[in-house]
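User: Please take a close look at one helix and its surroundings, and explain it slowly enough for someone in a first year of study. Please also deal with the cysteines and with any unusual backbone spots along the way.

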Amino acid sequence: MALASAIAAGRTSATAAMTASIAAAKADPFGAIVFLDTDLGLATAAACDRSPDPERPFLGVPTLAKDLGGPFAGIPMRAGSRTLADDPSADSDLAQRFRVSGLCLFGSTTAPEFGLALSSEPAVGPVCRNPLDPTRTAGGSSGGAAAAVASGIVAIAHATDAGGSVRVPAACCGLVGLKPSRGAMPAGPGFGNYLGGIATELTVCRSVRDTALALASFSGSARGPFPNPAMLDTGTGPLRVGMVVDFGGRYPIDPARQSAIEAAGQSLEQGGHQIIPLAWSEFDAMAETSAQVFETIVSVNLAALFGTFALDPSVAEPLTQAVIANGQALGGTTVWDRLNQSVLVSHALWQLFDRVDVVIAPMLAGPPPLLGHFPNDHGDTTAHFDRMTAMAPLASVANIAGCPAITLPFGSDAAGLPLPLQLLAPMGGDIRLLALAARLESEHRWTHRFPVAGLP
């Protein structure tokens with residue numbers, strides 16, 4: 001990471017970097033930030049300056065926690081809701097790894113209420129805007145994290161992904177977002193954002209290099225409930241790349257985003273890889289089932305959360321109230337049937353990976369939607385979840401199947417918005433995805449618009 005290297009080389013200091021990030025956060029015009037603790041940030045940075053350690057890869061680099069997931073001790077976790085008031089006194093296992101790596105926390109980022117949307121516009125505020133076009137969403141549910149990184153407040157931020165919540169915001173804001181293989185990342189000791197195994201945590205970053213460093217620094221030895229996935233080799237020889245150029249008739253794709261996939265396929269083919277066209281019909285059933293399973297899991301999880309902690313649903317957003325009601329109404333047989341369907345999604349994807357090593361597809365069907373596309377003042381959950389699937393039809397497949405998936409920008413459209421790709425690989429294919437993504441990133445088709453605060 002450039003900022004970590006500058007601090008290690010003495011070209012700047014952790015305190016100077018933190019001071020710049022705090023100033024940028026206080027001036028944030030995009031609604032990326034929900035909580036700041038300047039004293040915590042400056043104290044942590046000063047400690048890094050007093051004890052330089054080349055073994056800590058992110059030493060002195062400012063960062064922000066997402067207002068959903070973790071927890072990070074000392075950083076309030078409200079999940080974008082007025083119903084929750086959690087001030088954790090202890091770190092999650094992942095949060096502890098963030099600190100050991102040298103990252104310096106000083107606040108948290110905007111998320112939709114309980115992560116229920118692919119836009120980050122909680123009723124309690126703030127509305128998170130896309131730094132590349134403030135009339136549009138920065139994505140969700142890690143929208144604040146993506147806006148903070150894209151606007152240069154920080155170079156890296158904590159993010160979580162249960163149905164595309166790392167990858168969709170990264171795609172909206174021209175960033176790199178990896179959803180790791182199931183079991184790669186620690187989720188304990190509380191497993192509070194675990195969601196039956198579909199959720200995982202990592203970061204949003206500005207480069208594949210930084211994402212790879214984050215994965216190497218934070219993954220492994222998760223201590224359950226799954227074994228560590230055996231990582232596949234990088235596939236230095238020619239790979240069989242299955243290419244999906246559209247999402248079928250139900251989910252029309254913007255021509256610019258379709259062209260980006262075709263250009264990426266041509267680039268990989270010129271690099272010696274074999275391109276195998278794949279029809280949307282091979283994914284349609286998987287995508288539909290994954291969306292249903294995702295809706296079921298988040299609904300019963302939210303109903304259980306409100307029951308366990310005796311939270312008052314009447315002060316939640318109307319959409320959240322409807323999701324809770326759905327979760328309460330679901331019978332055990334229905335939930336069990338949906339969980340069995342998730343196994344079939346995983347099996348079908350494994351069968352596809354007998355024919356190809358990697359799948360490349362559009363991440364989003366079109367440009368980031370305008371603000372207000374995911375209203376939270378209604379109870380029509382069917383319409384809401386359908387909008388989420390239409391925005392990113394393949395997003396939740398990776399969560400339900402447990403496979404790794406990465407997004408990165410591969411050019412820009414006529415309005416200057418990113419053209420994001422999504423790459424998927426079999427379980428344990430994380431490093432293979434990073435290597436292939438690095439190859440595509442090396443074409444330099446995307447340039448970040450905002451400098452990183454504090455970077456010399």
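Analyst: A disulfide is taken here as a pair of cysteine sulfur atoms within 2.5 Å of each other. With that cut-off in mind, and remembering that this is a predicted model, a search through the whole structure finds zero disulfides. Cys172 shows how the cut-off works, because its sulfur is 6.0 Å from the closest cysteine sulfur, which belongs to Cys173, and that is too far for a bond. Cys173 is likewise in no disulfide, its nearest cysteine sulfur being that of Cys172, 6.0 Å away. As for their surroundings, Cys172 counts as buried with a relative accessibility of 0%, and Cys173 is also buried, with a relative accessible area of 2%.

Now to the helix itself, which is α10, covering residues 318-329. This helix has twelve residues, and the distance from its first C-alpha to its last is 17 Å, close to the 16 Å expected at 1.5 Å a residue. Which residues of α10 are buried? They are Leu319, Thr320, Ala322, Val323, Ile324 and Gly327. When you read such a list, it helps to recall that an α-helix has 3.6 residues a turn, so residues three or four places apart point the same way. The cover over the buried residues of α10 includes two other helices, α9 (281-308) and α12 (381-391), and each of them deserves its own description.

Before that, a word on how such a pair is described: two packed helices are characterised by the angle between their axes and by the distance between those axes.

Take α12 to begin with. The axes of α10 and α12 are 10 Å apart, and the two helices pack at an angle of about 100 degrees. Since angles from 65 to 115 degrees count as roughly perpendicular, α10 and α12 are therefore roughly perpendicular to each other. On the α10 side, the residues that take part are Leu319, Ala322, Val323 and Asn326, and they meet Thr381, His384 and Phe385 of α12. Sorted by class, this contact of α10 with α12 holds four nonpolar and three polar residues, and no charged ones.

The other neighbour is α9, whose axis comes within 7 Å of that of α10, the two crossing at roughly 95 degrees. That angle makes α9 roughly perpendicular to α10. Here the list of partners is as follows: Glu295, Val298, Ser299, Val300, Leu302, Ala303 and Phe306 in α9 meet Thr320, Val323, Ile324, Asn326, Gly327 and Gln328 in α10. The residues of this contact of α9 with α10 divide into seven nonpolar, five polar and one charged. If you set the two contacts side by side, you will find Val323 and Asn326 of α10 named in the contact with α12 and again in the contact with α9.

It is worth following α9 a little further. Ser290 lies in this helix and is buried, with a relative accessible area of 0%. Leaving aside neighbours within four places in sequence, Ser290 is in contact with Val345, Ser396, Val397 and Ile400. Glu288 is also found in helix α9, but at 38% relative accessibility Glu288 counts as partly exposed.

Glu288 can also serve as a starting point for the backbone spots you asked about, for its C-alpha is 20 Å in space from that of Gly140, while the two residues are 148 apart in sequence. The peptide bond from Gly140 to Ser141 is cis, with omega near 5 degrees, and Ser141 lies in the loop between β5 (133-137) and α5 (143-150). Another cis peptide bond joins Gly224 and Pro225, with omega about 5 degrees, and Pro225 is found in the loop between α7 (208-218) and β9 (240-243).

Ser221 lies in that loop between α7 and β9 too, and has a phi near 50 degrees, a positive value in a residue other than glycine. At 45% relative accessibility, Ser221 counts as partly exposed. Phe114 also has a positive phi, of about 55 degrees, although it is not a glycine. Its place is in the loop between β3 (104-109) and β4 (129-130), and with 12% relative accessibility Phe114 counts as buried, whereas Ser221 is partly exposed.

Note on methods
Residues are numbered from 1 along each chain as its sequence is written. This is a predicted model: local features need pLDDT of at least 70, side-chain atom pairs count only at pLDDT 80 or more; totals for chains, interfaces and linings use all residues. Side-chain values use heavy atoms; hydrogens and water are left out. Helices (H or I, at least four residues) and strands (E, at least two) are DSSP runs, numbered from the N terminus. The expected span of a helix is 1.5 Å times one less than its number of residues. Buried means under 20% relative accessible area, exposed over 50%, partly exposed in between (1.4 Å probe, protein chains only). Contact means heavy atoms within 4.5 Å. Axes are lines fitted to C-alpha atoms, for helices over the stretch in contact, and angles run from 0 to 180 degrees between N-to-C directions. Angles under 35 degrees count as roughly parallel, over 145 as roughly antiparallel, 65 to 115 as roughly perpendicular and the rest as oblique. Ala, Val, Leu, Ile, Met, Phe, Trp, Tyr, Cys and Pro count as nonpolar, Asp, Glu, Lys and Arg as charged, and the others, Gly among them, as polar.
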